[in-house]
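User: I'm in my first year and would like to learn how terms such as cavity, pocket, sheet and buried are applied to a protein model. Could we go through one together?

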Amino acid sequence: MTERVRLATFNLENLDDGPDAPLPLAARIAVLRPQLMRLDADILFLQEVNGQPVRAPRTLAALDALLAGSPLSGYHRATTESPHGGPMDKQNLVILSRWPIREHRNLLHDLTPPPELASVTSARRDRTPQPLRWERPVLYAAIALPGGDVLHAINLHLRAPLAAFVEGQKLGPFSWKTTAGWADGFYRAAVQRAGQAFEARLLVDGILDEDPAALIAVSGDFNAEAAEMPTRILMATSEDTGNNALAPRSLGPVETVVPAERRYSVIHAGRHLLLDHMLVSRRLLGCLVSAEIHNEGLGDELVGYANAGRAAESFHAPLVVEFDLPDR
């Protein structure tokens, strides 16, 4: 016997219902809810879900409103949490599951300490190395599948490839005083993005140490294409490790079954990019049936940002994947 299981990932792009939201939540729900219903997902990885109100204790009221009246409103839920409890202010990760979530946890420097970097262009007099922390945690959930197996779901939103803050080097949100200052910030951002991918890879390796046949799905907004360093760290292919004996520990990208002309989740300045991924363990890859990227009508995010982000839709396309899982 096999069970058809649908997994999907979707960056909702700052889903919010606060005073800073560029559009009323109702306008966004009118566009986003049909997209979620079309996914028909059993397990859904969501990114950029803001908490309300701004001050603690926060809730995910905007997400609750989006899901209200749909089957997803009754799904089991795991979310990232602030150090003080409850959701974070901005850009929470959420996993929704038709089936029970046995356990979940956040990982933020649990497996990797913050690297210490010195900023050579900072206006600070003290330029001794300082810890450089990731911006968001990784969200892990162990989901009890109906056939008796467990899916290890890992939700990611890696840092965008935009230069990180460097004291005294910025003229505005996207404007820099010097090229050296910008390069310093860009280097720091690259360390954060690759470093968090490394922490997620260590989580994957720990799961495989305990169960080499584990069903693992790492999904979300990687802010990187397949050939870029963060994705390569997570996949750990034999071509990169140089050791075929490690092939069973690599993660496979499901997107390769999507036709090449549809293989993109973001349009940036006319460029079609695949930044949203689902990487799965070898046993789960063997159960792959199909994958789709719902990018029909996807807008150019650069145009959207120029319009102060006033768009009801997300500038990320959702990815949905089907697997036939045999009973264990």
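User: Which residues line the second largest cavity?

Analyst: In this predicted model, the lining of the second largest cavity is made up of Trp-134, Glu-135, Arg-136, His-157, Leu-158, Arg-159, Gln-192 and Gln-196. By class they divide into 2 nonpolar, 3 polar and 3 charged.

User: What makes this space count as a cavity?

Analyst: A space is called a cavity because a 1.4 Å probe fits there but cannot get out. The second largest cavity holds about 40 Å³ of space. Counting those of 30 Å³ or more gives 2 cavities.

User: What lines the largest cavity?

Analyst: The largest cavity has 10 lining residues, and Leu-145, Gly-147, Asp-149, Leu-325 and Pro-326 lie nearest its centre. Its volume is about 50 Å³. The lining comprises 4 nonpolar, 2 polar and 4 charged residues.

User: Why is a pocket not called a cavity?

Analyst: The word pocket is used because the set of points is open, whereas in a cavity the probe cannot get out. Here the largest pocket has a volume of about 1300 Å³. It is lined by 41 residues, with Glu-13, Glu-48, Ala-160, Leu-162 and Tyr-305 closest to its centre. At least two lining residues come from each of β1 (2-15), β14 (266-268), β15 (271-273) and α7 (301-306). The classes in this lining are 16 nonpolar, 8 polar and 17 charged.

User: How many residues line the second largest pocket, and which are closest to its centre?

Analyst: The second largest pocket has a volume of about 190 Å³. There are 13 residues in its lining, and Ser-119, Ser-122, Arg-124, Gln-130 and Arg-188 are the closest to its centre.

User: Let's turn to the sheet. Why are β3 and β17 said to stand at the edges?

Analyst: The 6 strands run in the order β3-β4-β2-β1-β18-β17 and form an open sheet with mixed pairing. β3 (76-79) and β17 (288-293) each have a single partner strand, so one side of each has no neighbour in the sheet. On average, neighbouring strands are turned by 15° against each other, with direction ignored.

User: How do you know that β1 and β18 pair?

Analyst: Two strands count as a pair if at least two bridges are found between them. β1 and β18 (residues 319-326) have 8 bridges in the antiparallel sense, so they meet that cut-off. One such partnership links Thr-9 with Leu-319 in β18. Helix α1 (residues 25-39) lies across β1, β2 (43-49) and β18, and runs at about 160° to β1.

User: What makes Asn-223 buried?

Analyst: Buried means under 20% relative accessible area. Asn-223 has 11%, so it is buried. This residue sits in the loop between β12 (215-221) and α4 (229-235).

User: What is notable about the phi of Asn-223?

Analyst: Most residues other than glycine have a negative phi. Asn-223 has a positive value, near 50°. Ala-236, which is not a glycine, also has a positive phi, about 50°, and lies in the loop between α4 and α5 (238-241).

User: Where is there a cis peptide bond?

Analyst: Gln-52 and Pro-53 are joined by a cis peptide bond, with omega about -15°. Most peptide bonds are trans. Pro-53 is found in the loop between β2 and α2 (61-67).

Notes
Residues are numbered from 1 along each chain as its sequence is written. This is a predicted model: local features need pLDDT of at least 70, side-chain atom pairs count only at pLDDT 80 or more; totals for chains, interfaces and linings use all residues. Side-chain values use heavy atoms; hydrogens and water are left out. On a 1 Å grid over the protein atoms alone, a cavity is a set of points where a 1.4 Å probe fits but cannot get out, and a pocket is an open set with protein on both sides within 12 Å along at least five of seven lines; lining residues have an atom within 4 Å of a point. Grid points are joined across faces, edges and corners, and a volume is the space filled by probe spheres set on the points. Ala, Val, Leu, Ile, Met, Phe, Trp, Tyr, Cys and Pro count as nonpolar, Asp, Glu, Lys and Arg as charged, and the others, Gly among them, as polar. Helices (H or I, at least four residues) and strands (E, at least two) are DSSP runs, numbered from the N terminus. Axes are lines fitted to C-alpha atoms, for helices over the stretch in contact, and angles run from 0 to 180 degrees between N-to-C directions. Contact means heavy atoms within 4.5 Å. Buried means under 20% relative accessible area, exposed over 50%, partly exposed in between (1.4 Å probe, protein chains only).
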